[in-house]
Amino acid sequence: MIKVTLKGGQVREYERGVTAMDVAKSLGAGIYKAACACSIDGAAADLRTPLESDCELEILTFDSDEGKHAFRHTASHILAHAVKRLFPKAKLAIGPAIDNGFYYDFDTETAFTPEILEQIEGEMKKIVKESLPIECFETESEEALAWAESSGEAYKAELIREHSGKGEKISFFKQGEFTELCAGPHVPDTGRIKAFKLTSCTGAYWRGDSNNKMLQRIYGTAFTKRDEMEAYLAAVEEAKKRDHNKLGRELELFMTSDIIGQGLPIMLPKGARVLQLLQRFVEDEEQKRGWQMTKTPYMAKSDLYKLSGHWDHYKDGMFLIGDEESDKDIYALRPMTCPFQYQAYLNRGRSYRDLPIRYSETSTLFRNEASGEMHGLIRLRQFTISEGHSICTPEQLEEEFKKCLELAIFMLKTLGLYDDVAYRFSQWDPDDREKYIGTAEQWDEAQGAMLKILDHLEIKYKTEIGEAAFYGPKLDIQIRNVYGKEDTLITIQVDQMLAEKFGMEYVDADGSKKNPYIIHRTSIGCYERTLALLIERYAGAFPLWIAPEQIRVLPISERHHEYARAAAQRLELLGFRVTSDERSEKIGYKIREAQLEKIPYMLLVGDKETESGTLSVRRRGEGDIGAMSEDAFVSMALKEAAEKVRF
RNA sequence: GCUGGUGUGGCUCAAUGGUAGAGCAGCUCAUUCGUAAUGAGCAGGUUGUCAGUUCGAUUCUGACCACCAGCUCCA
């Protein structure tokens, strides 16, 4: 007999070799029916795992992450099972559970269309209805390989081969006639997957490598209860309404034109206004914090990029001017600002007393991104970044890094995006030396310095291997769009390689010449991308301080337009952005529904107001908030505008 | 770049191998002292582009372009 300590401290005795599933059964039908996986001594495990000694056991349901994972992983098996029934020739690749659902990759001749997806869904329903028990068994790797090869599962065979020779057993899960190589965990039977939906079908490279064959990936989601799934799907649809790419066009913030080309949006007056407000705010704040603005050229001879190493790494991604064969000098539009600002540093000799030198620039960059990469205002071929480089001594590195981070955090808080971001420590991949310059020692040093800084600052981050820049490690500040896709909003990088390449030096206190450290940083990121995330964060209803149109003043009849115009002019003199469109002074002029709800304030002027010297105020989202004096309105609005820096 | 999808007036959508309609938005006039309306009228589309098939293409075929989701990439 063994002692099993359950959640809550209760201890029960069971026969040695009892499975977690049996324990769940003994606890009651309710918990058994809800069981998706278990945790044995803190480690997630399959319910079929035999318990061989005293342990702590927790039955995990769909309410836990591990439980959801097991549940959805089983759903992915049912998907693969259904595909195998309908398309026996389809080869199986992999099919894990992911955040909010699952996917499965197949290699198949037939292209999966939405109609076929419906068919597959129908077959999955049958498999669920059959309530097939899911069994688990293990084999030696040779036997597993023989199975994979005889059944034509080339991808499974490749996976098994990687494990063969290590003496590891290979585990399988079987439901009905369908057997799948898998580590689990899974729920007890297929009948439990009550609610599921296949959501999309796309291509995906085998093992995530674009040199490999592209497989067909089917995405889906699954829940224990139908209404939970409906609520989830409705929430996804709701989130899509905030999609900057749709809303930003609807609200006339930006547009694109076929005849201009991909990744080259036109910022319309309202969008341009928001960018202008952001830029003024950012440049002023940077200057207050000791950053000096530079203005550097939009292009340079290829020599500059050859020196920096960008030519080797990113030549294909640059817009070249001139013909390499016939022209003596090839120019390229700048894809980054770094080497330009380095030239500013090199303008004269520098002493340790000059450092740190902080250069900033609102810098428009050009990158010839591959055609499939462009997306809304998130990925563009021309964009403007709040760029900056702090050139400092090793001793100053930590303090400078901290200042860069503080500036970024200040910006994020001001924009109201701080709660939506996550930190990522992007390191190099020592196994992919092609991608990076410098020696392992240099990388260890730079990453070590950065690690120390992050720990001192108590930053909670996720480490990501292979995400570093070619010249140094990065602290990336990540944000998710309405589809849940993650992108880098802000990045701060530690670089000890490029100063040497460019011959940047300073004379230290002891009279010796040294290479400085360079911190590459952005304070607010790319303006276009930041705008995109602001649109999504606020569903287009920008906070007052950044709203392109803050106040619209309307007369109740045309007789009152003189009063309305005077009120508008007074508010404009106070610095508010008031609509000056004369047509809006006409009663009956309609503002498009979508835009109407985005304007923070609307003021109505009629006789009552004119006589009493008040304004009828209508606030976004609240409707009529009553009459108030102009002074009271102004003080309220000013207070609201200043909210941006109250945190 | 790859896989799949989409492309009809500003927006949402309809229709057809015989050169296109609706609602909303827009414009004009009239009306209007209360929260973006009412009435009357008008205008707006070489159906993404270019080729091909056809007596005839917006509809069928192909190429290209753009947009969307995903993969890969992202200095």
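The following questions and answers walk through the domains, sheets and helix pairs of a predicted model.

Biologist: Into which domains is chain A divided, and how many Å separate the centres of domain 1 and domain 2?

Modeller: Chain A is divided into domain 1 (2-61), domain 2 (66-239), domain 3 (268-295 + 333-538) and domain 4 (544-645). If the centres of domain 1 and domain 2 are taken over C-alpha atoms, the separation between them is 26 Å.

Biologist: Which strand supplies the largest share of the side of domain 1 that touches domain 2?

Modeller: In this meeting of domains, 11 residues of domain 1 are in contact with 10 residues of domain 2, and the residues on the domain 1 side divide into seven nonpolar, two polar and two charged. At least two residues of that side come from each of β4 (35-40), β5 (43-45) and β7 (55-61). The largest share, three residues, is supplied by β4.

Biologist: In the open sheet that contains β11, β12 and β13, which strands stand at the edges?

Modeller: Strands of a sheet pair through backbone hydrogen bonds, either parallel or antiparallel. Here the three strands follow the order β11-β12-β13 with antiparallel pairing, and neighbouring strands are turned by 25° against each other on average, direction ignored. Two strands have a single partner each, so one side of each is left without a neighbour in the sheet, and these edge strands are β11 (134-139) and β13 (178-181).

Biologist: Which residue in β12 is the bridge partner of cysteine 136?

Modeller: β11 pairs with β12 (residues 170-175) in the antiparallel sense, over six bridges. For cysteine 136, the bridge partner in β12 is phenylalanine 173.

Biologist: Are α3 and α4 roughly parallel or roughly perpendicular to each other?

Modeller: Helix α3 (residues 65-86) and helix α4 (residues 114-129) pack with their axes 8 Å apart, at an angle of about 115°, and the crossing is right-handed. Among the residues that meet are Ile78 and Leu79 of α3 and Ile120 and Met124 of α4, and the whole contact divides into nine nonpolar, two polar and two charged residues. Angles of 65 to 115 degrees count as roughly perpendicular, and α3 and α4 are therefore roughly perpendicular.

Biologist: Why is α5 described as roughly antiparallel to α6?

Modeller: The axes of helix α5 (residues 141-150) and helix α6 (residues 154-163) come within 9 Å, and their crossing is left-handed. The contact includes Ala144 and Leu145 of α5 together with Ala157 and Ile160 of α6, and by class it has five nonpolar, two polar and three charged residues. Because angles over 145 degrees count as roughly antiparallel, the answer lies in the crossing angle of roughly 165°.

Biologist: In the sheet of four strands, which residue in β32 stands opposite arginine 552?

Modeller: This open sheet has the order β31-β32-β33-β34 with mixed pairing, and its edge strands are β31 (551-555) and β34 (623-629). β31 pairs with β32 (residues 601-605) in the parallel sense over five bridges. Opposite arginine 552 stands methionine 602.

Biologist: Which helix packs on this sheet by touching β32, β33 and β34?

Modeller: Helix α17 (residues 561-573) touches β31, β32 and β33 (614-619), and its direction makes about 160° with that of β31. The helix that touches β32, β33 and β34, with a direction at about 120° to that of β34, is α20 (residues 630-642).

Conventions. Residues numbered from 1 in each chain as written. Chains lettered and ligands numbered in written order. Predicted model: local features only at pLDDT ≥ 70, side-chain atom pairs only at ≥ 80, totals over all residues. Axes fitted to C-alpha atoms, helices over the stretch in contact; angles between N-to-C directions. Left-handed = near helix turned anticlockwise from the far one by under 90°. Contact = placed C-beta atoms within 7 Å. Nonpolar A, V, L, I, M, F, W, Y, C, P; charged D, E, K, R; others polar. Domains from an automatic or database assignment. Pairing = 2+ DSSP bridges. Parallel < 35°, antiparallel > 145°, perpendicular 65-115°, else oblique.
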